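Here's a quick tour of a protein model, with a look at how some strands line up and at a few spots where the backbone does something less usual. Have the sequence and the 3D view open as you read.

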Amino acid sequence: GPGKDHLHQRFVLMVIYFISGPWTPVEGRLEWGSPVHECEWEGITCKDVEELEAELEGKISELLESGREDGVKIDVPQRIINRLELRQRLVSGEVPGEFSLLYYLQHLDLENNQLVGALPSPLYKLFNLQTLFLEQNQLTNIDAVGEYRYLEHLSVSKNAFQGPLPESFKQLKYLKTLYLHTNAFTGQVFDILKDFKKLELLDLAFNKFEGTLPAELGEMSNLTSVFLGHNEFRGTIPAEIGRCPNLKEFQIDASHKIGGPIPTEFGKLANLEFLKLDTCAFNGTLPPELAECQKLYFLDVNSNDLGGRIPTEFGKLGNMRTLGLANNDFIGGIPAELSQMAQLEKAYFQNTDLDGVMPQEICNLRDRGNQTVLEELIVPCDVECEIPTCCTRCS
């Protein structure tokens, strides 16, 4: 009946609580087991079933009426749990089988728990998940992750995964955000991911992935953030990266097998704000086309094999706050045009072949009343510059 339609989800929550609890709720939220409706408890978000049904264009109604794929059928709660946040709650690391009764769940956060080994099988019954956060556990196996055919957001960072990505990843065609960082994944990850056209955020950093960066990156036109550093990638950044108009952040650092010229096509990315390419093997000159990235506030190309002169066009980068050009082979003087970087806070030119006299216009950025002040200005000792009134030190 309507008064009891939610008892199964209350029962599941209490099983979880008795196995893993008790825990103290955050201020302003009610403790699990309180006599009020479970939708008022900490970490639980509910929606009216009509709202959820409309949002999913009837899919949830069809699922609930027919039961799960394994035949289990339940009453339809009027207030249905669609989001469950259990960060640091499953202290036992145990996931009870009753969890699978919440198969209409859309968002599940199990970050920073004690999950070890394979992802517990009851969680694979949550067919309707759109968000799954498993960061900071000790998981080693998510081979059946492809069961989550509607998944849009997945984080398995900071676990104990090793070896190639499971083939079932290929089924996750709806993924928008994917966090894999800080594991020991290996293999050629883009053999699996290169056709993921809906991806917006991709974080593969701190793994052991190999292979080259594919031209298909340019077909991921929804990308806003890409983090690829601290892997074993080789080759160059494909010019097709310039076909990602929404890209705001791109990072590949500490990757000594990645090099060649920095693509001039970065200059086509009007929304680019953050570009970190340090400690790689990039060579050639700094592309003046980067000056077209008017929103760029962070540029780090430290510790590469770049040479030539610093482009005077960089003066157009009025939002620049951190400029890292150190440990390269740049020559000539530091352009006075860089003084147009009105927001500049940190600039690193040390351990290069730059020389000449530091332009007074840049020194003036060190003292601007209540405006943003250039806090660090480090140069080669061959550059004439007053220390500490203008440059903070030389190296």
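What follows covers strand pairing first and then some backbone details.

Keep in mind that this is a predicted model.

**Strands S1, S2 and S3**

Let's start with S2, which covers residues 79–85 and pairs with S1, residues 44–48. Those two strands are antiparallel, and five bridges hold the pairing together. If you want a landmark there, look for Lys47, which sits opposite Ile80 of S2.

S2 also pairs with S3, residues 107–109, but here the sense is parallel and the count is three bridges. The landmark for this pairing is Arg83, with His107 of S3 opposite. As background, strands in a sheet pair through backbone hydrogen bonds, in either a parallel or an antiparallel way.

**A three-strand open sheet**

Next up is an open sheet with the strand order S8-S10-S12, paired in parallel fashion. Which strands stand at the edges? They are S8 (162–163) and S12 (208–209); each has a single partner strand, so one side of each has no neighbour in the sheet. S8 runs parallel to S10, residues 184–187, and two bridges join them. Within that pairing, Gln162 has Ala184 in S10 as its bridge partner.

**Backbone oddities**

Now for the loops. Most non-glycine residues have a negative phi, and most peptide bonds are trans. Ser303 and Asn327 go against the phi trend, and here they are side by side:

| Residue | Phi | Loop between | Relative accessible area |
|---|---|---|---|
| Ser303 | near 60° | S18 (298–300) and S19 (305–308) | 28% |
| Asn327 | about 60° | S20 (322–324) and S21 (329–332) | 31% |

Are these two residues buried, exposed or partly exposed? Partly exposed is the label for Ser303, because its relative accessible area is 28%, and that value lies between the 20% and 50% cut-offs. Asn327 gets the label partly exposed too, at 31%. Neither residue is a glycine, yet phi is positive in Ser303 and in Asn327.

The peptide bond to check is the one from Ile387 to Pro388: it's cis, with omega near 5°. Where is Pro388 found? Look in the loop that runs between strand S26 (383–384) and strand S27 (393–394).

How values were computed:
Residues numbered from 1 in each chain as written. Predicted model: local features only at pLDDT ≥ 70, side-chain atom pairs only at ≥ 80, totals over all residues. Heavy atoms only, no water. Pairing = 2+ DSSP bridges. Helix = DSSP H or I, 4+ residues; strand = E, 2+ residues; numbered from the N terminus. Buried < 20%, exposed > 50% of the residue type's maximum accessible area, 1.4 Å probe, protein only.
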